[in-house]
Amino acid sequence: MIYADFECPSHHITEHLIHWKQKKTVCPTCGKKAKRIISVAGQYAGNQDCEHVRSAVDVLLDKDNKAPDAVNLRKHPTRENLNRYLKDHSLSRMDYTEHGGPPVYHPPPEPDMRAVHEEVARKHFERQRVEVRG
Ligand SMILES: [Zn+2]
């Protein structure tokens, strides 16, 4: 038995304890057939009001942007509105650090050759020293 999320045609998202093979259930809110949806353990992805959307809206929109869709998105920062805004403006969430982005080459730092020489010399003299113990 596992916990899984289901969504009905009226977009009610509910969680049920089911056999892992089960793909459908009945929505407890409206009684329609609900299909199993992919969900991440411990996360609820059905809510419209979430922190990452508000943070994305802060980054995405200029404070002076008075376009109707920008004003609407700032007033109602929901997943749906953000997705619609991104689609309407042909924007993508993908950046260089995400899967599918081109690889980024970071050259290694230049070695500090003076420190390397000092270290080699110190080790050399350590090996060559003669100790007299009595
Ligand atoms: Zn429903």
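Biologist: How many helices and strands does the protein have, and what makes a stretch count as one?

Modeller: The protein has four helices and four strands, where helices (H or I, at least four residues) and strands (E, at least two) are DSSP runs numbered from the N terminus. Along the sequence they follow the pattern β-β-β-β-α-α-α-α. This is a predicted model, in which local features need pLDDT of at least 70, side-chain atom pairs count only at pLDDT 80 or more, and totals for chains, interfaces and linings use all residues. Residues are numbered from 1 along each chain as its sequence is written.

Biologist: Why is histidine 11 called exposed?

Modeller: A residue is exposed if 12 or fewer other C-beta atoms lie within 10 Å of its own, buried if 20 or more do, and partly exposed in between, with C-beta atoms placed from the backbone. Histidine 11 has 10 other C-beta atoms within 10 Å, so it is exposed. Histidine 11 sits in the loop between β1 (2–7) and β2 (13–18). Its phi is near 65 degrees, a positive value in a residue other than glycine.

Biologist: What makes serine 90 exposed?

Modeller: Serine 90 has 6 other C-beta atoms within 10 Å and therefore counts as exposed. The loop between α3 (79–88) and α4 (113–128) holds serine 90. Serine 90 also has a positive phi, near 50 degrees, in a residue other than glycine.

Biologist: How do you know that α4 lies largely in the open?

Modeller: Of the 16 residues of α4, the number buried is zero, so α4 lies largely in the open. For the protein, 6% of the 134 residues count as buried.

Biologist: What span is expected for α4, and what does it reach?

Modeller: The expected span of a helix is 1.5 Å times one less than its number of residues. With 16 residues, α4 reaches 22 Å from its first C-alpha to its last, close to the 22 Å expected.

Biologist: Why is α2 called roughly parallel or roughly antiparallel to α3?

Modeller: Two packed helices are described by the angle between their axes and the distance between the axes. Axes are lines fitted to C-alpha atoms, for helices over the stretch in contact, and angles run from 0 to 180 degrees between N-to-C directions. Helix α2 (residues 68–75) and α3 pack at about 155 degrees, with their axes 10 Å apart. That makes α2 roughly antiparallel to α3, since angles under 35 degrees count as roughly parallel, over 145 as roughly antiparallel, 65 to 115 as roughly perpendicular and the rest as oblique.

Biologist: Which residues of α2 and α3 meet?

Modeller: Asp69, Asn72 and Leu73 in α2 meet Asn81, Leu82, Tyr85 and Asp88 in α3, where contact requires C-beta atoms, placed from the backbone, to lie within 7 Å. By class, this contact of α2 with α3 has three nonpolar, two polar and two charged residues. Ala, Val, Leu, Ile, Met, Phe, Trp, Tyr, Cys and Pro count as nonpolar, Asp, Glu, Lys and Arg as charged, and the others, Gly among them, as polar.

Biologist: Why does lysine 32 count as buried or exposed?

Modeller: Lysine 32 has 11 C-beta neighbours inside 10 Å, so it counts as exposed. Lysine 32 is in the loop between β3 (24–26) and β4 (33–37). Not counting residues up to four places away in sequence, lysine 32 touches Cys8, Pro9, Ser10 and Cys27.

Note on methods. Contact = placed C-beta atoms within 7 Å.
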